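Here are my notes on the model you sent over. I've kept them as numbered points so you can read them with the structure open beside you.

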Amino acid sequence: MTLNLLVTGATGTVGRATLSALRDKDVHVVAFVRDPARAARALGQDVDLRVGDFSDEASLIEALAGIDAVLVASGNDPGMREQQFSAARAIARSEARRVVKISGSPVSIVHAARARTGADHLAAEVALRATGREVVVIRPNVFMQNFLDQAGAVAHNALPGPDGAPRVSFIDAHDIGRVSAAALAEPELPGEILEVTGPEALTWFDVAAIMTEVLGRPITHYPAAPEVIRQGLLAMGRPAWQVEHALQLSALFTDPRAAETTDAVQRLTGRAPSTIKAFLERHVDDFPPVA
Ligand SMILES: NC(=O)c1ccc[n+]([C@@H]2O[C@H](COP(=O)([O-])OP(=O)(O)OC[C@H]3O[C@@H](n4cnc5c(N)ncnc54)[C@H](OP(=O)(O)O)[C@@H]3O)[C@@H](O)[C@H]2O)c1
């Protein structure tokens, strides 16, 4: 029997990667989206859509009709905890057997008292487990895709980042998508908590050196104190909650857990996780030099 899967956060970084990985599997996939026209542009015309909003629980209940397994993914904003509580209540009323949740990075969960998103994800994990369904929690490390947000600085050959030379096992969101696709579609439960990391722990100095090699121009890492990062992000027009989130997380990178690597990608997908070099080679055009 073909599995029916619902992917929430479908237009987001992990949601899109999950949809893409599910194309290789013999499953029926439905994307839960807020804006069908925008979703069709982002995902292609051939994706089956159910329209709704996390804040509209009835729309979630409707979208879950006939669904066997659901991916719970949403953004980082301060509404996330309530959105995922709403998803948990709707799932408890559905016939879905399995829930796969994209949670926070392992350090943000361990230090949930110091990171708002870690605390929100932990609360959502508890609420989803309380549904009594099979729950697979994916705790990915920092996404390589975050470097794309620094294209403006990289255009000027600069890579600002946290001071103290912390090491982080950055993960390509495409690998997270492959892991979540496997966790949704495989009959065997792959584990209750999957810490998903890239293959190597790198400092921002290392990343700048790899960018130098891949982009063919000298990229310099500038370590920045938290106050400098705060002022820089605010000057770029980032909302206050996002700035606090970035600062809270970068303060945790000195924990050696941020550098740990796991075999989750290899074990669930049969492929080694992408290196940052391979990620950057795919994204050379996203880092043009200043004209
Ligand atoms: N970035 C990292 O380094 C990192 C590391 C570890 C964990 N994480 C976690 O990974 C998770 C997924 O991140 P991501 O980068 O894939 O997120 P994202 O790109 O910001 O995508 C968020 C998704 O949620 C949808 N969404 C937002 N509000 C919604 C609402 N009210 N109703 C329905 N859909 C809504 C968005 O839809 P629209 O297109 O309609 O806006 C979008 O599809 C986050 O919870 C984050 O905490 C991130």
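**Notes on the model**

1. Let's begin with a loop residue. Asparagine 157 sits in the loop that links α7 (151-155) to β7 (158-162). Keep in mind that this is a predicted model. The phi angle of asparagine 157 is near 65°, a positive value in a residue other than glycine. Is asparagine 157 buried or exposed? Neither label quite fits: 16 other C-beta atoms lie within 10 Å, so asparagine 157 counts as partly exposed.

2. On to the loop between β7 and α8, where you'll find alanine 165. Alanine 165 also has a positive phi, near 50°, and again the residue is something other than glycine. With 14 other C-beta atoms within 10 Å, alanine 165 is partly exposed.

3. Now for the ligand. Which residues come nearest to the ligand? Out of the 26 residues around it, the answer is Gly9, Thr11, Gly12, Thr13 and Gly75. Sorted by class, that shell holds 14 polar, nine nonpolar and three charged residues.

4. Two helices are worth picking out in the shell around the ligand: α1 (13-22) and α4 (80-92) each supply at least two residues. The biggest contribution is from α1, which gives three residues.

5. That makes α1 worth a closer look. Seven of its 10 residues are buried, so α1 is largely enclosed by the rest of the structure. The buried ones are Val14, Gly15, Ala17, Thr18, Leu19, Ala21 and Leu22. What do the buried residues of α1 pack against? On the strand side there are β1 (3-7), β2 (27-33), β4 (69-72) and β5 (98-102), and the helices are α2 (36-43) and α8 (173-185).

6. Take the pairing of α1 with α8 next. Two packed helices are described by the angle between their axes and the distance between the axes. Here the axes of α1 and α8 come within 7 Å and cross at roughly 60°. The two helices are therefore oblique to each other, and α1 passes α8 in a right-handed crossing.

7. As for who touches whom, α1 brings Thr13, Val14, Ala17, Thr18, Ser20, Ala21 and Leu22, and these meet Ala173, His174, Ile176, Gly177, Arg178, Ser180, Ala181 and Ala185 of α8. By class, this contact of α1 with α8 has eight nonpolar, six polar and one charged residues.

8. For another helix pair, go to α10 (residues 226-235) and α11 (residues 240-252): their axes come within 10 Å and cross at roughly 150°. That makes α10 roughly antiparallel to α11. The crossing of α10 past α11 is right-handed.

9. In that pair, Pro226, Ile229, Arg230, Leu233 and Leu234 from α10 meet Val243, Ala246, Leu247, Ser250 and Ala251 from α11. The contact of α10 with α11 divides into eight nonpolar residues, one polar and one charged.

10. One last spot to check is valine 110, in helix α5 (residues 106-110). Valine 110 is partly exposed, with 18 other C-beta atoms within 10 Å. How far apart are the C-alpha atoms of valine 110 and arginine 97? They are separated by 28 Å, while the two residues are 13 apart along the chain.

Definitions and conventions:
Residues are numbered from 1 along each chain as its sequence is written. This is a predicted model: local features need pLDDT of at least 70, side-chain atom pairs count only at pLDDT 80 or more; totals for chains, interfaces and linings use all residues. A residue is near a molecule or strand if its C-beta atom, placed from the backbone, lies within 6 Å of it. Helices (H or I, at least four residues) and strands (E, at least two) are DSSP runs, numbered from the N terminus. Ala, Val, Leu, Ile, Met, Phe, Trp, Tyr, Cys and Pro count as nonpolar, Asp, Glu, Lys and Arg as charged, and the others, Gly among them, as polar. A residue is buried if 20 or more other C-beta atoms lie within 10 Å of its own, exposed if 12 or fewer, and partly exposed in between; C-beta atoms are placed from the backbone. Two residues are in contact if their C-beta atoms, placed from the backbone, lie within 7 Å. Axes are lines fitted to C-alpha atoms, for helices over the stretch in contact, and angles run from 0 to 180 degrees between N-to-C directions. Angles under 35 degrees count as roughly parallel, over 145 as roughly antiparallel, 65 to 115 as roughly perpendicular and the rest as oblique. A crossing is left-handed if the near helix is turned anticlockwise from the far one by less than a right angle, and right-handed if clockwise.
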